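Hi,

Here is the structure I said I would pass on. Have a look at it first, and then read on for what I found in it.

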Amino acid sequence: MSAVTIYTDGACRGNPGPGGWGVLMSSGEHVRELSGADAATTNNRMELTAVIRALEALKRPVAVKLYTDSEYVRRGISEWLPAWKARGWKTAARKPVKNQDLWEALDAAASRHRVEWHWVKAHSGVPGNERVDGLANQAIDAMLAGGFE
């Protein structure tokens, strides 16, 4: 079985402000793109939403190589999440974890798959990352033009 390769990105114009997310999924010859937007959100929420939507779009449990330019997502899922859960969704400073709803959704979506988390530098010419950045920004443009919400 070949792994599914996924690139994800979130974008926000203002933080908070209108935001968008983009996903590029590929396996063998199959390629799928997803995107969406939110009128009032944050960059971190869009980064998380992109990963959640990508993993939820997979029809069955698979091996995934997931590429994100968000250290927040990569470190959150691989380093911070277990401690947050152990502390009842509190940070080390005993404050509520921001975006808990999305972290819970990501935890559930990721648990169905074997995910390898990879970080890529944003705007550095990585084709998959550049494509999802474009999708996220196109989604914002479409929403602002009345295309979708």
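Let's start with the sheet, where β4 and β5 pair in the parallel sense over 6 bridges. Within that pairing, Tyr67 stands opposite His118 in β5. Keep in mind that this is a predicted model.

Zooming out, the sheet is an open one of 5 strands with mixed pairing, in the order β3-β2-β1-β4-β5. Its edge strands are β3 and β5 (114-119), each of which pairs on one side only. From one strand to the next the twist averages 20°. Helix α4 (residues 127-144) packs on this sheet and touches β1, β2 and β3, with its direction making about 140° with that of β2.

The other pairings I looked at run the antiparallel way. β1 and β2 are antiparallel over 8 bridges, and Ile6 has Met25 in β2 as its bridge partner. Their hairpin leaves 4 residues between the strands, and Gly14 there takes a positive phi near 90°. β2 also pairs with strand β3 (residues 30-41), again in the antiparallel sense, over 10 bridges. Here Val23 has Leu34 in β3 as its bridge partner. The hairpin of β2 and β3 has 2 residues between the strands, and Gly28 in the turn shows a positive phi of about 60°.

How enclosed is β2 by the rest of the structure? Largely, because 8 of its 11 residues are buried. Gly22 is a good place to look: this residue of β2 (residues 17-27) has 0% relative accessibility, so it counts as buried. Leaving out residues up to four places away in sequence, Gly22 touches Tyr7, Thr8, Asp9, Leu34, Ser35, Ala50, Val132, Leu135 and Ala136. The C-alpha atoms of Gly22 and Gly134 are separated by 7.6 Å, although the two residues are 112 apart along the chain.

One of those contacts, Thr8, deserves its own look. Thr8 sits in strand β1 (residues 4-12) and is buried too, with a relative accessible area of 0%. With the same sequence neighbours left out, the residues Thr8 touches include Gly22, Val23, Ala54, Leu66, Asp69 and Asn129.

Now the aromatics. There are 6 aromatic pairs in the model. In one of them, the rings of Tyr7 and Tyr67 have centres 4.8 Å apart and planes at 20°, so the pair is stacked. Because Tyr7 lies in strand β1 and Tyr67 in strand β4 (residues 63-68), the pair ties together parts that are 60 residues apart in sequence. Are these two tyrosines, Tyr7 and Tyr67, buried or exposed? Both are buried. Elsewhere, ring pairs link Tyr72, Trp80, Trp84, Trp89 and Trp103 into a cluster.

Some of these cluster residues turn up again where two helices meet. The axes of helix α2 (residues 71-86) and helix α3 (residues 100-111) come within 11 Å and cross at roughly 95°. That crossing angle is why α2 counts as roughly perpendicular to α3. On the α2 side the contact is made by Tyr72, Val73, Gly76, Ile77, Leu81, Trp84 and Lys85, which meet Trp103, Leu106 and Asp107 in α3. By type, the residues of this contact divide into 7 nonpolar, 1 polar and 2 charged.

Cheers

Definitions and conventions. Residues are numbered from 1 along each chain as its sequence is written. This is a predicted model: local features need pLDDT of at least 70, side-chain atom pairs count only at pLDDT 80 or more; totals for chains, interfaces and linings use all residues. Side-chain values use heavy atoms; hydrogens and water are left out. Buried means under 20% relative accessible area, exposed over 50%, partly exposed in between (1.4 Å probe, protein chains only). Contact means heavy atoms within 4.5 Å. Axes are lines fitted to C-alpha atoms, for helices over the stretch in contact, and angles run from 0 to 180 degrees between N-to-C directions. Angles under 35 degrees count as roughly parallel, over 145 as roughly antiparallel, 65 to 115 as roughly perpendicular and the rest as oblique. Ala, Val, Leu, Ile, Met, Phe, Trp, Tyr, Cys and Pro count as nonpolar, Asp, Glu, Lys and Arg as charged, and the others, Gly among them, as polar. Two strands pair if DSSP finds at least two bridges between them. Rings of Phe, Tyr and Trp (its six-membered ring) pair if their centres lie within 6.5 Å; planes under 30 degrees apart count as stacked, over 60 as edge-to-face and the rest as tilted.
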